[in-house]
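Hi,

Here is the structure I said I would pass on to you. Have a look at it first, and then read on for what turned up in it.

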Amino acid sequence: MTVLRDEVVQIQSSEDIVLVRQKVREWAIQSGFSLVDQTKIVTAASELARNALQYGNGGQARLEALNDGPRRGVRLTFEDQGPGIPDMQLALRDGYSTGGGLGLGLSGARRLSNEFELESEPGRGTRVKITRWK
Ligand SMILES: Nc1ncnc2c1ncn2[C@@H]1O[C@H](COP(=O)(O)OP(=O)(O)OP(=O)(O)O)[C@@H](O)[C@H]1O
Ligand SMILES: [Mg+2]
């Protein structure tokens, strides 16, 4: 597998979430994603960026364009140095929210991705890595 391109975007405000969405859309288009697949990865990115801002006091998103033989993909890694997630299984449950939300961001992002990894350490932060293949 080859990383064709990568870029880091800081997430400190809601404008940054708009920027992440725009960039993920562009990268998905450049990887040849259908409109439906573009929307899936943009929606997942939006949820994870929002979580990093809302719960992680901001963080960063790394975008990577991947090539694996004939496959093209986009990998996104969201990282923050916030409080972390004490119970990841619970956080991934549909409808679980500590912030008065719908509790569908993490679980939705997982469903919209082909690969999903959640790592978190209480007191240290959270990292969510997702990949969507064309
Ligand atoms: N980056 C993070 N740092 C700390 N806690 C997080 C982070 N992301 C998610 N969580 C925790 O996991 C819960 C579930 O997240 P999820 O995105 O599914 O729902 P939500 O953000 O509460 O609501 P929604 O995204 O539907 O508006 C959050 O309420 C929060 O407690
Ligand atoms: Mg959320």
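Let's start with the overall build. The chain has 134 residues, and a compact globule of that length would have a radius of gyration near 14 Å; the chain comes out at 14 Å, so the two agree. Do keep in mind that this is a predicted model. Along its principal axes, the C-alpha trace spans about 40 × 25 × 25 Å.

As for secondary structure, you'll find 4 helices and 5 strands. Reading from the N terminus, the order is β-α-α-β-β-α-α-β-β.

A few totals for the chain as well. Buried residues account for 44% of the 134 residues. If you take contacts between residues at least 6 apart in sequence, 64% of them join residues at least 24 apart. The accessible surface is about 7200 Å², and carbon and sulfur atoms contribute 46% of that. On the charge side, there are 18 positive and 17 negative charges, and their mean positions sit 5 Å apart.

Now for some individual residues, beginning with Glu64.

Glu64 is in strand E2, which covers residues 59–68. Is Glu64 buried or exposed? With a relative accessible area of 11%, Glu64 falls under the 20% cut-off and therefore counts as buried. Its side chain has a partner, too: there is a polar contact between the side chains of Glu64 and Arg75, at 2.8 Å. Setting aside residues up to four places away in sequence, Glu64 touches Val3, Arg5, Asp6, Trp27, Gly73, Val74, Arg75 and Thr77.

Two residues from that list deserve a visit of their own, Arg5 and Gly73.

Arg5 belongs to strand E1, residues 2–11. Its relative accessible area is 36%, so Arg5 is partly exposed. The side chain of Arg5 makes a polar contact with the side chain of Gln30, at 3.2 Å. Beyond its neighbours within four places in sequence, Arg5 is in contact with Trp27, Gln30, Leu63, Glu64 and Ala65. Trp27 is 22 residues from Arg5 along the sequence, and their C-alpha atoms are 9.6 Å apart. Trp27 also turns up among the residues that Glu64 touches.

Gly73 lies in strand E3, which runs over residues 71–80. Its relative accessible area is 0%, so Gly73 counts as buried. Leaving out residues up to four places away in sequence, Gly73 touches Ser31, Phe33, Glu64, Ala65, Leu66, Arg132 and Trp133. Glu47 is not in that list; Gly73 and Glu47 are 26 residues apart along the chain, with 19 Å between their C-alpha atoms.

Next, over to helix H4, residues 105–111, where you'll find Ala109. Ala109 has 0% relative accessibility, so it counts as buried. Apart from neighbours within four places in sequence, Ala109 is in contact with Ala44, Leu48 and Phe116. If you want a distance to try out in your viewer, take Ala109 and Gln60: they are 49 residues apart in sequence, and their C-alpha atoms are 17 Å apart.

Glu121 is in strand E4, residues 115–121. At 46% relative accessible area, Glu121 is partly exposed, because that value is between the 20% and 50% cut-offs. Which residues does Glu121 contact, leaving aside its neighbours within four places in sequence? The answer is Pro83 and Gly84. Glu121 and Glu26 are 95 residues apart in sequence, and their C-alpha atoms are separated by 32 Å.

Last one: a backbone angle to look at. Asn57 has a phi near 60°, a positive value in a residue other than glycine. Most residues other than glycine have a negative phi. Where does Asn57 lie? Asn57 is in the loop between helix H2 (35–54) and E2. Its relative accessibility is 60%, so Asn57 counts as exposed.

If you'd like a place to begin, try Glu64 and its side-chain contact with Arg75, then move on to Arg5 and its side-chain contact with Gln30.

Cheers

Definitions and conventions
Residues numbered from 1 in each chain as written. Chains lettered and ligands numbered in written order. Predicted model: local features only at pLDDT ≥ 70, side-chain atom pairs only at ≥ 80, totals over all residues. Heavy atoms only, no water. Helix = DSSP H or I, 4+ residues; strand = E, 2+ residues; numbered from the N terminus. Rg over C-alpha atoms; globule rule 2.2 N^0.38 Å. Buried < 20%, exposed > 50% of the residue type's maximum accessible area, 1.4 Å probe, protein only. Contact = heavy atoms within 4.5 Å. Areas by Shrake-Rupley, 256 points an atom, 1.4 Å probe, with all protein chains shown as cover. Lys, Arg positive; Asp, Glu negative; His and termini not counted. Charge placed at Lys NZ, Arg CZ, Asp CG, Glu CD. Polar contact = N/O pair within 3.5 Å; in protein donor to acceptor, adjacent residues only side chain to side chain.
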